[in-house]
Amino acid sequence: MRRPGICAFSNYSSRQRKDYHIVYEALRKELETFEKRTPKSAEAHKKNLKRIPLGVASNYRAYDPYPIFVKEAQGSHFRDLDGNDYIDHNLCFGALMAGHCHPAVMKAVESRLKLGTMFGMPHDMEWQLAEEICQRFPVEMVRFGSSGTEATMHAIRLARAATGRDKVIKFEGAYHGLHDTALVSVKPHAPEFGDVNAPASVPGGLGVPKASIANVPVATFNDLNSVERRFKENPGEIAAVILEPILMNVGMCMPRPGFLQGLRELCDKNGALLIFDEVKTGAKLGWGGASEYFGVQPDIICVAKSIGGGFPLAAFGAHPSVMDLISQHKVFHGGTYNTNPVSMAAGLATFREVLTRENYAHVDKLSKKLTEGYRKTAAKAGLQGYVAQAGANGVLMLYPEEIRNYRDWTTIDVDLWRHYWFGMVNRGVMAQPYWWDEQWTISVQHTEADIDKHLAAFAEVAPALAEAQQERFAAAARSA
Ligand SMILES: Cc1ncc(COP(=O)(O)O)c(C=O)c1O
């Protein structure tokens, strides 16, 4: 899956270099600085490339000219192989609301390590963590796994079993992991993605069976008509609608008022289940995740990432009427690493000592400070765009208006975004994971001083970014 974007810096023609001299030069300078600061990462990447496709263990980690290689991390910071220090808002693609090596998580894990790391047998942390999850989220029974991919895969299978139907509606641009049902229309390109009112189902790479694609009708986020249309076209065939309550694979795309409620009603009307993929939002929006935040209850919920405090942990849960399909041996669920005691100890410490109401208040305060600071600096520099924020997440969105869906997101100016990202990284701030479809995370270990430093770096980058943006606008006006 490659991300779309309007320009690729390396492919600039000489004409484009002239028209976009400021854009080009500003980005070139930041890349030059990046390469001077990170020679050991370049070297390490070269070695990786020999044995590991793209030189990385997950495609999301690859970017040009090469990714930063990490040496160590602690709290809200990490250091790269060259010894550069960064404030970390990547936090493993948002999986570390706890921050690195949170003391409570470390203590719990260290004491578990001496007592056995895997049993493949039940133990008494299982009901405890299940209780924690059922207290916060609108579910009554859960099963555990290690990754978000597993959680959404099993949730979808359960929905299919509960309804006796095969088809699942997903939203264009949404990411739910790596299984076949999820790898549809994740980052589709024009013209193959078709009409925005009835998006085509586009495989997210080779190897996804055609039969699987046919079972995934695609709709447009924030467009209830497109969902209703899919229900009408597939009468009695839709098992579920799966979505991230905030579309977080396009920066951040907030649900419009009434959208989530409308989905709830469409699912009820058509006998389908509503699945909230809360792999990202579950821990980071607030204490009770998206159902508490938006006041809409799904039938099945999937959580992962930040619930593990830095260890692989995931869960899916629902009402017993759905989960009983597992109890009755009608739906199969298993996994060697499920509820391994190390991850479970980390999860328990995370729920009890990290994801507390007090810590959410701390993160909220920092999150608002960062957002307000970005808004002020952008306005002062004359940078056009907006800042989206919810809970621990936020992102600089370089668009004239708030995006409503994936198609709006594809109009991003990739070179401007890269200028922003490398500019921040060169000043010791990893403002978010690389790729313009991501967002920043603030951990419970970030401090006011981290946010001040982050804002100071943005204040240095924003004027040059605004100047480059003006050049783009002027060129667009000339060619209009
Ligand atoms: C919303 C969402 N669902 C599912 C996944 C898959 O999770 P994992 O990478 O743990 O398999 C991700 C990962 O980024 C995600 O963001």
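Select glutamine 389 to begin the tour: its bridge partner in β12 is glycine 394. Residues are numbered from 1 along each chain as its sequence is written. What you have open is a predicted model, in which local features need pLDDT of at least 70 and side-chain atom pairs count only at pLDDT 80 or more, while totals for chains, interfaces and linings use all residues.

Now show β11 together with strand β12 (residues 393-397), which run antiparallel and are joined by five bridges. Strands here are DSSP runs of E with at least two residues, and helices are runs of H or I with at least four, numbered from the N terminus; two strands pair if DSSP finds at least two bridges between them. Widen the selection to the open sheet of three strands, whose order is β11-β12-β14, with antiparallel pairing. Its edge strands are β11 (386-390) and β14 (440-441), each of which pairs on one side only.

Next, colour strand β8 (residues 273-278), where six of the six residues are buried, so the strand is largely enclosed by the rest of the structure. Buried means that 20 or more other C-beta atoms, placed from the backbone, lie within 10 Å of the residue's own. In a regular strand the side chains alternate between the two faces of the sheet. Leu273, Ile275 and Asp277 point one way from β8, whereas Leu274, Phe276 and Glu278 point the other way. Add strand β7 (residues 238-243), which pairs with β8 in the parallel sense over four bridges, and look for valine 241, which stands opposite leucine 274.

From there, move to helix α18 (residues 448-479), whose 32 residues reach 45 Å from the first C-alpha to the last, close to the 46 Å expected at 1.5 Å a residue (the expected span is 1.5 Å times one less than the number of residues). Stop at valine 461, where α18 bends by about 35°, with proline 463 following within four residues; the bend is the angle between axes fitted to the seven residues ending there and the seven starting there. The buried residues of α18 include Asp450, His454, Phe458 and Val461.

Finally, select the ligand and the 13 residues that surround it, the closest being Ser147, Gly148, Thr149, Gly177 and Val279; a residue is near the ligand if its C-beta atom, placed from the backbone, lies within 6 Å of it. Helix α7 (residues 148-163) gives the most to this shell, with three residues.

Terms used. Buried ≥ 20, exposed ≤ 12 C-beta atoms within 10 Å, placed from the backbone.
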